Amino acid sequence: MMKQYFVIGNPIDHSLSPKLHNYWFKTNNIKAVYDKKQTNEEDLKLILHEIKEKKINGINVTVPFKKAVIPFLDKLSNEAEQTQSVNTIILKNNNLEGHNTDISGFTKAIKNLNFNLESKKIFILGAGGVVPSIIFALNKMNVSQIIISNRTKKKAEDLKSQFHSLEILDWGDITDFDVIINATSLGLNKESINLDFSKFGNNKLFYDVIYNPIETNFLREGKKLGNKTENGKLMFIYQAFEAFKLWHGVEPPINSEVLELLKND
Ligand code: ATR
């Protein structure tokens with residue numbers, strides 16, 4: 001029987017998850033299909049029930065439902081529990097289990113960079129869906145300090161009630177850093193981030209969660225100032241890799257073909 005997987009979110013049009021998972025089904029000879037489903041909050045319960053009924057075999061969850069799915073699950077992994085963020089759902093022993101593979105995605109992407117984050121000062125821009133996972137991963141890497149700035153300050157404060165050591169900076173203010181992470185959606189549509197990074201010198205890491213476009217203005221600016229830059233493509237691939245492993249018990253290939261597959265959409 002053909003197995004069925006979905007990524008749910010809203011909006012969902014631009015998700016590249018189907019492309020990646022369907023490619024991996026082919027290379028691993030797995031009889032399954034992966035689609036995207038634009039979802040409203042009131043449909044979550046029904047969709048998750050379909051996993052229990054084995055009509056759906058697994059689901060990836062993206063913005064804005066990573067927290068909203070939690071009440072419908074029977075079990076959470078430790079990482080999902082601690083971040084209150086679920087991006088992968090699987091049925092195990094008839095229990096709906098929520099996992100968080102964004103953490104491993106970010107960790108593996110950073111490892112791949114050969115930029116040691118231990119004892120480093122991190123400045124995060126944004127407080128959206130993926131930020132709890134990034135903070136969790138950074139704490140595991142023993143960074144010395146995490147400073148966060150978000151246009152809507154309340155969201156940064158909510159994160160601080162979850163991760164007590166966070167420091168909050170007003171949106172528009174700037175601080176010295178070793179690593180700066182853009183976790184806002186600014187750059188998806190060619191927007192710039194209106195902050196002056198030039199006074200902090202170079203040899204920092206500029207990391208953008210965005211991978212399409214491959215180089216945001218934020219990264220271009222960072223590079224121009226002589227910093228190392230990286231987009232979110234590997235993080236995206238590695239979170240999918242980890243979800244694939246959970247569902248199918250095998251590690252899918254990450255090769256040039258995979259990188260090519262996600263080039264432009
Ligand atoms: P969500 O907020 O639903 O989780 P997201 O895409 O994960 O969605 O997050 C979008 C992030 O980009 C948020 O941090 C958002 O700031 P707000 O919390 O103030 O909305 C940020 N963002 C989006 N547009 C922005 C803008 N024009 N200026 C500054 N920050 C912006």
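## Strand E3 and its partners

In this predicted model, Ile-59 stands opposite Ile-89 of strand E5. Ile-59 belongs to strand E3, which spans residues 58–61, while E5 covers residues 88–92. The two strands run antiparallel and are joined by three bridges. As a reminder, strands of a sheet pair through backbone hydrogen bonds, either parallel or antiparallel.

E3 also pairs with strand E1 (residues 3–9), this time in the parallel sense and over four bridges. If you would like a residue to start from, take Tyr-5, whose bridge partner in E3 is Gly-58. Are the faces of E3 covered or open? Both are covered: Gly-58 and Asn-60 are buried on one side, and Ile-59 and Val-61 are buried on the other.

## Where helices H4 and H5 meet

Helix H4 (residues 102–111) packs against helix H5 (residues 131–140) with the two axes 8 Å apart and at an angle of about 55°. Because of that angle, H4 is oblique to H5. The crossing of H4 past H5 is right-handed.

Which residues make the contact? From H4 come Asp-102, Ile-103, Phe-106 and Thr-107, and from H5 come Ser-133, Ile-134, Phe-136, Ala-137 and Leu-138. By character, the residues of this contact divide into six nonpolar, two polar and one charged.

H5 itself is mostly covered, with eight of its ten residues buried. The buried residues are Val-131, Pro-132, Ser-133, Ile-134, Ile-135, Phe-136, Ala-137 and Leu-138. Just after H5, Asn-142 takes a positive phi of about 60°.

## Gln-239, a buried residue of H8

Gln-239 lies in helix H8, which runs over residues 233–248. Is Gln-239 buried or exposed? Its relative accessible area is 8%, and the cut-off for buried is under 20%, so Gln-239 counts as buried.

It is worth displaying the surroundings of this side chain in your viewer. Leaving aside neighbours within four places in sequence, Gln-239 is in contact with Ser-17, Asn-87, Thr-101, Asp-102 and Gly-105. Among these, Asp-102 also takes part in the contact of H4 with H5. Ser-17 belongs to helix H1 (17–27).

## A six-stranded parallel sheet

Another region to explore is an open sheet of six strands, in the order E9-E8-E7-E10-E11-E12, with parallel pairing. Strand E9 (167–169) and strand E12 (228–230) stand at the edges and each has a single partner strand, so one side of each is left without a neighbour in the sheet. On average, and with direction ignored, neighbouring strands of this sheet are turned by 20° against each other.

At the E12 end, three bridges join E12 to strand E11 (residues 205–208), and the two run parallel. Within this pair, the bridge partner of Phe-206 in E12 is Thr-229.

## Two cis peptide bonds

Two bonds leading into prolines are worth a look. The peptide bond from Asn-10 to Pro-11 is cis, with omega near 5°. Pro-11 has its place in the loop between E1 and H1. The peptide bond from Asn-212 to Pro-213 is cis as well, with omega near 10°. Pro-213 lies in the loop between E11 and helix H7 (217–224).

The loop residue Leu-188 touches both Asn-212 and Pro-213, and also Ile-210, not counting residues up to four places away in sequence. Leu-188 sits in the loop between strand E10 (179–182) and E11. With 44% relative accessibility, Leu-188 counts as partly exposed. The C-alpha atoms of Leu-188 and Asp-13 are separated by 14 Å, although these residues are 175 residues apart along the chain.

## Two asparagines with positive phi

The loop between E5 and strand E6 (95–99) holds Asn-93, and Asn-94 lies there too. Asn-93 is not a glycine, yet it has a positive phi of about 50°. Asn-94, also a residue other than glycine, has a positive phi near 65°.

How accessible is Asn-93? Its relative accessibility is 73%, and the cut-off for exposed is over 50%, so Asn-93 counts as exposed. Asn-94 has a relative accessibility of 47% and counts as partly exposed.

Technical notes:
Residues numbered from 1 in each chain as written. Predicted model: local features only at pLDDT ≥ 70, side-chain atom pairs only at ≥ 80, totals over all residues. Heavy atoms only, no water. Buried < 20%, exposed > 50% of the residue type's maximum accessible area, 1.4 Å probe, protein only. Pairing = 2+ DSSP bridges. Axes fitted to C-alpha atoms, helices over the stretch in contact; angles between N-to-C directions. Parallel < 35°, antiparallel > 145°, perpendicular 65-115°, else oblique. Left-handed = near helix turned anticlockwise from the far one by under 90°. Contact = heavy atoms within 4.5 Å. Nonpolar A, V, L, I, M, F, W, Y, C, P; charged D, E, K, R; others polar.
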